[in-house]
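Biologist: Please take a close look at one part of this structure, the place where aromatic rings may pair, and then relate that view to the packing of the chain elsewhere.

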Amino acid sequence: MTDTTDITDLLLSRIRDVPDHPMQGVTFKDITPLLADPAAFAALTGALADLCVRNGATKVVGLEARGFILGAPAALRAGLGFIPVRKAGKLPGATLSQAYDLEYGSAEIEVHAEDLAAGDRVMVIDDVLATGGTAEASLRLIRRAGAEVAGVAVLMELGFLGGRERLIPALDGAPLEALLTV
């Protein structure tokens, strides 16, 4: 087996399917067993850090909330700063905000205005790419702050939800890397 196959198998073996959560007919992909396993969490952190370095990132943005859990250790391992992108109203001080549409309604995310600047190359990290709405909004927010997008990295992509197709135009040539596609 190759190293890629080894990490893929390790990560997949630590993700638990929870049927009918949060609603009937949905199978939730629970990453808490992966986080509880130090070897699996270290392998995931290393893979995400490698993506940051390979794509020339200077900062990491983690999307609330599981993107914080994955992005902060990856940033630290890669020697980069970490910036949380939060739901509206959670950050004190001056913020930049970006609204986006959800399947039923809308939402808004924010970042501290001073945390991103021209010259920054930002890797966005999250646990799952589903429909792509939050990731797309984060790319707009990063560019509005004057920074460049180095790419988007996720633990897993739910390919059947079409998030990649939605994100491709917003990436504007930056890579989208999913360690797993389910």
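Modeller: In this predicted model, Phe82 has a relative accessibility of 29%. Phe82 is therefore partly exposed, since that class lies between the limits of 20% for buried and 50% for exposed. The structure contains one aromatic pair. Its two members are Phe68 and Phe82, whose ring centres are 6.3 Å apart and whose planes stand at 85°. An angle over 60 degrees counts as edge-to-face, so the pair belongs to that class. The two rings come from distant parts of the chain: Phe68 sits in helix α4 (residues 66-78), Phe82 in strand β4 (residues 81-87), and 14 residues separate them.

Helix α4 also spans the positions of Leu70 and Ala74, and both of these are touched by Leu48. Leu48 itself is a residue of helix α3. With a relative accessible area of 0%, Leu48 is buried. Beyond four places in sequence, the contacts of Leu48 also include Ile125, Ala153 and Leu179. Its C-alpha atom is 9.3 Å from that of Glu177, although the two positions lie 129 residues apart along the chain.

Just before helix α3, Asp37 occupies the loop between α2 (32-36) and α3 (38-54). Asp37 is buried, its relative accessible area being 16%, and a polar atom of its side chain lies 2.9 Å from the backbone nitrogen of Ala39.

Further along the chain, helix α5 (residues 133-144) packs with helix α6 (residues 163-171) at an angle of about 5°, the axes being 9 Å apart. The two helices are thus roughly parallel, a class that requires an angle under 35 degrees. On the α5 side, the contact is made by Gly133, Ala135, Glu136, Leu139 and Arg143; on the α6 side, by Arg166, Leu167, Ala170 and Leu171. By type, these residues comprise five nonpolar, one polar and three charged.

Gly133 also gives a reference point for Ser106: their C-alpha atoms are 9.8 Å apart, and the two are 27 residues apart along the chain. Ser106 belongs to strand β6 (residues 105-112). Its relative accessible area of 55% makes Ser106 exposed. Apart from neighbours within four places in sequence, Ser106 is in contact with Tyr100 and Asp101.

Conventions: Residues are numbered from 1 along each chain as its sequence is written. This is a predicted model: local features need pLDDT of at least 70, side-chain atom pairs count only at pLDDT 80 or more; totals for chains, interfaces and linings use all residues. Side-chain values use heavy atoms; hydrogens and water are left out. Helices (H or I, at least four residues) and strands (E, at least two) are DSSP runs, numbered from the N terminus. Buried means under 20% relative accessible area, exposed over 50%, partly exposed in between (1.4 Å probe, protein chains only). A polar contact is a pair of N or O atoms within 3.5 Å; within protein, one must be able to donate a hydrogen and the other to accept it, and residues adjacent in sequence count only if both atoms are side-chain atoms. Rings of Phe, Tyr and Trp (its six-membered ring) pair if their centres lie within 6.5 Å; planes under 30 degrees apart count as stacked, over 60 as edge-to-face and the rest as tilted. Axes are lines fitted to C-alpha atoms, for helices over the stretch in contact, and angles run from 0 to 180 degrees between N-to-C directions. Angles under 35 degrees count as roughly parallel, over 145 as roughly antiparallel, 65 to 115 as roughly perpendicular and the rest as oblique. Contact means heavy atoms within 4.5 Å. Ala, Val, Leu, Ile, Met, Phe, Trp, Tyr, Cys and Pro count as nonpolar, Asp, Glu, Lys and Arg as charged, and the others, Gly among them, as polar.
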